[in-house]
Amino acid sequence: MRPGETFPFFTPSVPGLEPWLKYELNTLGLKPLAEEGGFFWRGTWRDLYRANLMLRSAGRILVRMKQFTALSFAEFEAEATSLPWHWFVGGKGTSLKRAFKFKITCTKSKLYHEDALAERLGRWITEATGAGWFPGAADVDAQIFVVRGFHDKFIISADSTGEHLHRRGYRQETSKAPLRETIAASILFASGWVPAVEEGLGRGAATRLKAPTLPLLDPFCGSGTIVAEAALIARKVPPGMANPDLKPRAFAFQRWDSFEPEEFAKTVVSLQNHVLERSPVELHGTDRDEGAIKAALGNARRAGVANDVDFERRTLSEAVFPQPGYLVTNPPFGVRVSEGTDLRDLYAVLGRKVREAPETKVAWLCSEPQWKAATGESWSEAARFPNGGLDLTLLQKLL
Ligand SMILES: C[S@@+](CC[C@H](N)C(=O)[O-])C[C@H]1O[C@@H](n2cnc3c(N)ncnc32)[C@H](O)[C@@H]1O
């Protein structure tokens, strides 16, 4: 590996939320190319560190090791045994020896037997590196290798992230039906609360994500995920450093042979230097449930944004919509939170409040057309994506 050498990476996207992941990759100065299921980009190890620390809407980042066609185990072996597995799990003669595991899917391919492929790959990697393969082991620290086969074309990748990126570490208390942190960040981008940036910015664009200028309210805040994510965005806190000390969380790449601790430390310090003391805009969360407010306060404290947000117990009828400002929320859906008939009334109240606050831009997650109809308002669709078994639509009312 030479200094400044670049490598191929892939960032999977939630289907339907691609535009905002692309937007984020662009703000990092990376050059994302759309592929089935996500974005391919090339970058240095430092770019990989920055992307893992900074991407708010992504779940993980993979290093693409090889793409090839294989119709038999012999062809697969010829390709797979030439790969630098030791980069990720240590090699013979090094002190580093790591456990590893696989995520394998083979569709419409001659080599369709995933367990048989795992068994052979496990043996080859162990022979090449001395690292330990523990089929079925729940070792959270094990290096994950991802193998995707489709129509006999295989892609082998190494996971660089470890624990999913939505696990920022701060959300230790949840209320009913919490939203993933990565989804909360995506809908904050999609709502327009974060001003859109031009595509194709240069490298080193850590500060180019434009700062929001208007206050925000989530009137169904639950455990406060949307508001906490908004505070992290407003203060430019990288999601991988979402705690009062701005300490980075752990990543899989830190255990690799190729890990450059000084580069990583420099990246962390430069990101810490960009963090604002306080949010430049007001951020409010309200919920009728006392327990939810308690959870939201605890989560905000752990995320290091307690001084930037304000959580209060209020029903939707009592909520004060910011004017001018934004309302971004996921109301109860009726599947996991509460039952049918009174929900229609709740959505009718939402519609009335929206009409009474013409200066508030609104974006809300809708699970069923009947709730949209119950508001008595017309909405435009900003995004549609699957989440927790539901097909969700982000509905938007612009001014
Ligand atoms: C889907 S959950 C929100 C989850 C939240 N986004 C999170 O990540 O934790 C909906 C929330 O709406 C609240 N809620 C239900 N009816 C309400 C009402 N009339 N006024 C205010 N909050 C209400 C519930 O207490 C619940 O916390």
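Helices and strands here are DSSP runs, numbered from the N terminus, with at least two residues for a strand. By that count, P324 sits in the loop between β11 and β12. The model is a predicted one, and this loop holds one of its backbone oddities: the peptide bond joining Q323 and P324 is cis, with omega at about 0°. Another turns up at H151, which is not a glycine yet has a positive phi of about 50°. H151 is found in the loop between β7 (143–150) and β8 (153–159). For context, most peptide bonds are trans, and a negative phi is the rule for most residues other than glycine.

Now for the sheet that β11 and β12 belong to. Seven strands make it up, in the order β11-β10-β9-β12-β13-β15-β14; the sheet is open and its pairing is mixed. β11 (309–313) and β14 (380–387) are the edge strands, and each has a single partner strand, so one side of each goes without a neighbour in the sheet. On average, neighbouring strands are turned by 15° against each other, direction ignored.

At the β14 end, things run antiparallel. Seven bridges tie β14 to β15 in that antiparallel fashion, and one of the pairings puts S380 against its bridge partner Q396 in β15. The hairpin formed by β14 and β15 has two residues between the strands, and G388 takes a positive phi near 55° there. On to the next pair: β13 (residues 360–366) and β15 (residues 390–397) are also antiparallel and are joined by five bridges. Here W364 stands opposite L395 in β15.

Two helices pack over the other part of the story. Helix α7 (residues 225–234) lies across β9 (216–218), β10 (283–287), β11 and β12 (325–329), and its direction makes an angle of about 175° with β10. Helix α9 (residues 290–303) lies across β10 and β11, running at about 165° to β11.

That leaves the ligand. It has 22 residues around it, of which S223, T225, D287, L316 and N330 come nearest. Sorted by type, the shell contains 11 nonpolar, six polar and five charged residues. Several polar contacts can be picked out. A polar side-chain atom of S223 is 2.6 Å from an oxygen atom of the ligand. With L179 the contact is through the backbone, where a polar atom lies 2.9 Å from a ligand oxygen. R288 also uses its backbone: one of its N or O atoms is 3.2 Å from a nitrogen atom of the ligand. As for cover, the ligand taken alone exposes 610 Å², and the protein buries 96% of that.

Note on methods:
Residues are numbered from 1 along each chain as its sequence is written. This is a predicted model: local features need pLDDT of at least 70, side-chain atom pairs count only at pLDDT 80 or more; totals for chains, interfaces and linings use all residues. Side-chain values use heavy atoms; hydrogens and water are left out. Two strands pair if DSSP finds at least two bridges between them. Helices (H or I, at least four residues) and strands (E, at least two) are DSSP runs, numbered from the N terminus. Axes are lines fitted to C-alpha atoms, for helices over the stretch in contact, and angles run from 0 to 180 degrees between N-to-C directions. Contact means heavy atoms within 4.5 Å. A residue is near a molecule or strand if one of its heavy atoms lies within 4 Å of it. A polar contact is a pair of N or O atoms within 3.5 Å; within protein, one must be able to donate a hydrogen and the other to accept it, and residues adjacent in sequence count only if both atoms are side-chain atoms. Accessible areas come from the Shrake-Rupley method with a 1.4 Å probe; for residues, only the protein chains shown count as cover. Ala, Val, Leu, Ile, Met, Phe, Trp, Tyr, Cys and Pro count as nonpolar, Asp, Glu, Lys and Arg as charged, and the others, Gly among them, as polar.
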